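Please look over the sequence and the model below before reading the report. The text is meant for a reader who has not met this structure before.

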Amino acid sequence: MNCKPISFHLRENPAGNLSFLEGEHDLPFEIKRAYYIYDVPADGRRGFHAHKELQQCLICIHGSCKILVDDGKEQRVYELNNPNEGLYIGPVTWREMFDFSDGAVLLALVSQYYTEEDYIRDYAQFKEYVNGGSDK
Ligand code: TYD
């Protein structure tokens with residue numbers, strides 16, 4: 001499974017904590033794009049796709065949510081509930097995000113500019129791609 005939790009650098013201070021990370025140093029890619037998901041209803045479920053090349057790091061900077069990752073062979077569920085921790089997700093990994101707490105904000109730091117070409121949005125196609133199907 002090409003996914004792993006990452007803890008960031010933390011500067012604790014009575015006046016408030018500060019977390020930081022640097023592309024290429026703390027993540028295995030250069031950060032080219034950021035996006036964030038918020039105002040997700042309690043029963044909202046997002047994602048339902050994999051990427052061919054894109055790598056990303058998901059950080060729940062407020063509240064909590066769960067991330068299901070699936071490499072076509074194995075599934076795992078991670079809970080993100082700490083702004084000093086993220087989940088790295090490598091290429092060719094199906095992901096679904098769910099169980100967002102009220103007010104949760106999920107930040108994604110991403111290795112590529114947006115292009116729909118990199119998405120695999122159909123689970124059957126994802127399985128074919130993993131198994132070296134015609135889309136590869
Ligand atoms: P999508 O990646 O499907 O969201 P999620 O995986 O969270 O359900 O993106 C939703 C829509 O936003 C889709 O029409 C593509 C568009 N979009 C952009 O235009 N740029 C971006 O950087 C992202 C992440 C999405």
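The report below describes the surroundings of the ligand and then the pairing of some strands.

## Basis of the model

This is a predicted model, in which local features need pLDDT of at least 70 and side-chain atom pairs count only at pLDDT 80 or more, while totals for chains, interfaces and linings use all residues. Residues are numbered from 1 along each chain as its sequence is written, and side-chain values use heavy atoms, with hydrogens and water left out.

## Around the ligand

The shell around the ligand (residues with a heavy atom within 4 Å of it) consists of Arg33, Tyr35, Ile37, Arg46, Gly47, His49, Tyr114, Tyr119 and Arg121. Four of these shell residues are classed as nonpolar, two as polar and three as charged, where Tyr counts as nonpolar and Gly as polar. The strands β4 (33-38) and β5 (46-51) each supply at least two residues of this shell; strands here are DSSP runs (E, at least two residues), numbered from the N terminus.

Oxygen atoms of the ligand take part in polar contacts, meaning pairs of N or O atoms within 3.5 Å. An N or O atom in the side chain of Tyr119 lies 2.8 Å from a ligand oxygen, a polar side-chain atom of Arg121 lies 2.9 Å from one, and a backbone N or O atom of Gly47 lies 3.2 Å from one. On its own the ligand has 530 Å² of accessible area, of which the protein covers 62%, as computed by the Shrake-Rupley method with a 1.4 Å probe.

## Strand β11 and its partners

Five of the six residues of strand β11 (residues 105-110) are buried, that is, under 20% relative accessible area with a 1.4 Å probe and protein chains only. Strands β4 and β11 run antiparallel and are joined by six bridges, with Tyr35 opposite Ala108 in β11; two strands pair if DSSP finds at least two bridges between them. Strand β6 (residues 56-62) is likewise joined to β11 by six bridges in an antiparallel arrangement, and Gln56 stands opposite Val110 in β11.

Note on methods. A polar contact is a pair of N or O atoms within 3.5 Å; within protein, one must be able to donate a hydrogen and the other to accept it, and residues adjacent in sequence count only if both atoms are side-chain atoms. Helices (H or I, at least four residues) and strands (E, at least two) are DSSP runs, numbered from the N terminus. Buried means under 20% relative accessible area, exposed over 50%, partly exposed in between (1.4 Å probe, protein chains only).
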